[in-house]
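Reader: Could you take me through one part of this model in some detail? I would love to see how the helix at the start of the chain packs against its partners.

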Amino acid sequence: MRIGELARRVGVSTRALRYYEQRGLIRSRRSANGYREYDESDVRIVTEIRELMSVGFTLEDARPFVDCLRSGHPSGGSCPESVAVYRRKLAEIDREIRDLLARRAEVAAQFADACPGCLLTRRGES
(Lines give C-alpha, C1' and ligand atoms only; values in the text may rest on other atoms or scores of the structure.)
Protein backbone atom coordinates (compact mmCIF):
# COMPACT_ATOMS: atom_id res chain seq x y z
CA MET A 1 0.00 0.00 0.00
CA ARG A 2 1.16 3.55 -0.59
CA ILE A 3 1.93 6.04 2.15
CA GLY A 4 -1.40 7.86 1.87
CA GLU A 5 -3.38 4.68 2.35
CA LEU A 6 -1.30 3.64 5.35
CA ALA A 7 -1.72 7.12 6.84
CA ARG A 8 -5.51 6.96 6.41
CA ARG A 9 -5.78 3.45 7.83
CA VAL A 10 -3.85 4.23 10.99
CA GLY A 11 -4.93 7.85 11.42
CA VAL A 12 -1.56 9.58 11.17
CA SER A 13 -0.03 12.06 8.78
CA THR A 14 2.23 11.02 5.95
CA ARG A 15 4.83 13.26 7.56
CA ALA A 16 4.71 11.13 10.73
CA LEU A 17 5.14 7.98 8.66
CA ARG A 18 8.16 9.43 6.88
CA TYR A 19 9.60 10.34 10.29
CA TYR A 20 9.03 6.82 11.62
CA GLU A 21 10.77 5.52 8.53
CA GLN A 22 13.66 7.94 8.99
CA ARG A 23 14.03 6.69 12.57
CA GLY A 24 14.06 3.07 11.33
CA LEU A 25 10.78 2.02 12.94
CA ILE A 26 9.02 1.23 9.67
CA ARG A 27 10.42 0.30 6.28
CA SER A 28 9.19 0.98 2.80
CA ARG A 29 10.06 -0.24 -0.63
CA ARG A 30 10.14 2.08 -3.59
CA SER A 31 7.98 1.33 -6.57
CA ALA A 32 9.21 1.93 -10.12
CA ASN A 33 7.75 5.45 -10.02
CA GLY A 34 9.46 6.20 -6.68
CA TYR A 35 6.40 5.93 -4.44
CA ARG A 36 6.82 4.42 -1.00
CA GLU A 37 5.14 1.04 -0.64
CA TYR A 38 4.33 -0.51 2.73
CA ASP A 39 3.32 -3.99 3.84
CA GLU A 40 0.11 -4.89 5.62
CA SER A 41 2.21 -5.61 8.73
CA ASP A 42 3.09 -1.91 8.91
CA VAL A 43 -0.50 -1.17 9.91
CA ARG A 44 -0.01 -3.14 13.13
CA ILE A 45 3.44 -1.65 13.72
CA VAL A 46 2.27 1.96 13.34
CA THR A 47 -0.79 1.22 15.48
CA GLU A 48 1.51 -0.14 18.20
CA ILE A 49 3.73 2.96 18.00
CA ARG A 50 0.73 5.29 18.26
CA GLU A 51 -0.77 3.37 21.20
CA LEU A 52 2.52 3.51 23.08
CA MET A 53 3.00 7.20 22.35
CA SER A 54 -0.54 7.98 23.51
CA VAL A 55 0.38 6.83 27.03
CA GLY A 56 3.73 8.59 27.19
CA PHE A 57 6.27 6.31 25.56
CA THR A 58 8.84 7.85 23.20
CA LEU A 59 9.69 6.60 19.74
CA GLU A 60 12.87 5.06 21.13
CA ASP A 61 10.80 3.32 23.81
CA ALA A 62 8.68 1.85 20.99
CA ARG A 63 11.63 0.27 19.20
CA PRO A 64 11.68 -3.03 21.20
CA PHE A 65 7.91 -3.38 20.69
CA VAL A 66 8.33 -2.92 16.94
CA ASP A 67 11.20 -5.41 16.86
CA CYS A 68 9.04 -7.86 18.81
CA LEU A 69 6.21 -7.57 16.28
CA ARG A 70 8.63 -7.93 13.38
CA SER A 71 10.01 -11.13 14.87
CA GLY A 72 6.55 -12.68 14.60
CA HIS A 73 5.09 -12.21 18.08
CA PRO A 74 1.37 -11.42 18.21
CA SER A 75 2.00 -8.62 20.72
CA GLY A 76 4.77 -6.07 20.76
CA GLY A 77 4.89 -6.29 24.53
CA SER A 78 5.59 -10.00 24.78
CA CYS A 79 9.39 -9.90 24.36
CA PRO A 80 11.84 -9.46 27.25
CA GLU A 81 13.13 -6.16 25.85
CA SER A 82 9.59 -4.77 25.75
CA VAL A 83 8.90 -5.96 29.29
CA ALA A 84 12.03 -4.11 30.42
CA VAL A 85 10.70 -0.91 28.80
CA TYR A 86 7.34 -1.39 30.52
CA ARG A 87 9.10 -1.78 33.87
CA ARG A 88 11.26 1.28 33.31
CA LYS A 89 8.25 3.35 32.27
CA LEU A 90 6.23 2.25 35.30
CA ALA A 91 9.12 3.18 37.59
CA GLU A 92 9.32 6.57 35.88
CA ILE A 93 5.58 7.14 36.35
CA ASP A 94 5.82 6.09 40.00
CA ARG A 95 8.61 8.67 40.52
CA GLU A 96 6.48 11.33 38.84
CA ILE A 97 3.52 10.46 41.07
CA ARG A 98 5.70 10.71 44.20
CA ASP A 99 7.04 14.07 43.00
CA LEU A 100 3.54 15.37 42.29
CA LEU A 101 2.26 14.22 45.68
CA ALA A 102 5.18 15.99 47.39
CA ARG A 103 4.50 19.18 45.39
CA ARG A 104 0.80 18.95 46.21
CA ALA A 105 1.55 18.62 49.91
CA GLU A 106 3.81 21.69 49.74
CA VAL A 107 1.19 23.77 47.92
CA ALA A 108 -1.49 22.61 50.37
CA ALA A 109 0.74 23.66 53.28
CA GLN A 110 1.34 27.05 51.69
CA PHE A 111 -2.40 27.42 51.13
CA ALA A 112 -3.12 26.54 54.76
CA ASP A 113 -0.60 29.16 55.90
CA ALA A 114 -2.01 31.79 53.54
CA CYS A 115 -5.64 31.12 54.33
CA PRO A 116 -6.10 29.88 57.90
CA GLY A 117 -9.52 28.36 58.32
CA CYS A 118 -10.03 27.76 54.60
CA LEU A 119 -10.97 24.20 53.87
CA LEU A 120 -9.10 22.35 51.21
CA THR A 121 -11.45 19.88 49.54
CA ARG A 122 -10.41 16.71 47.74
CA ARG A 123 -10.43 18.53 44.42
CA GLY A 124 -8.27 21.32 45.78
CA GLU A 125 -11.11 23.86 45.89
CA SER A 126 -11.68 26.12 48.86
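Author: Happy to; here is a walk around that first helix and its contacts. This is a predicted model, in which local features need pLDDT of at least 70 and side-chain atom pairs count only at pLDDT 80 or more, while totals for chains, interfaces and linings use all residues. Residues are numbered from 1 along each chain as its sequence is written, and side-chain values use heavy atoms, with hydrogens and water left out.

Helices here are DSSP runs of H or I with at least four residues, numbered from the N terminus. Two packed helices are described by the angle between their axes and the distance between the axes. Each axis is a line fitted to C-alpha atoms over the stretch in contact, and angles run from 0 to 180 degrees between N-to-C directions.

Let's begin with α1 and helix α2 (residues 14-22), which pack at about 105° with their axes 9 Å apart. The two helices are therefore roughly perpendicular, a label for angles of 65 to 115 degrees. On the α1 side, Ile 3, Gly 4, Leu 6 and Ala 7 meet Thr 14, Leu 17 and Arg 18 of α2, where contact means heavy atoms within 4.5 Å. By class, the residues of this contact are 4 nonpolar, 2 polar and 1 charged. Here Ala, Val, Leu, Ile, Met, Phe, Trp, Tyr, Cys and Pro count as nonpolar, Asp, Glu, Lys and Arg as charged, and the others, Gly among them, as polar.

Now for the other partner. Helix α1 (residues 3-10) packs on helix α3 (residues 41-54) at an angle of about 50°, and their axes lie 10 Å apart. That makes α1 oblique to α3, the term for angles that are not under 35 degrees (roughly parallel), over 145 (roughly antiparallel) or in the perpendicular range. The crossing of α1 with α3 is right-handed, meaning that the near helix is turned clockwise from the far one by less than a right angle. Leu 6, Arg 9 and Val 10 of α1 touch Asp 42, Val 43, Val 46 and Thr 47 of α3. The residues of that contact comprise 4 nonpolar, 1 polar and 2 charged.

Leu 6 is a nice place to finish: this α1 residue meets α2 and also α3.
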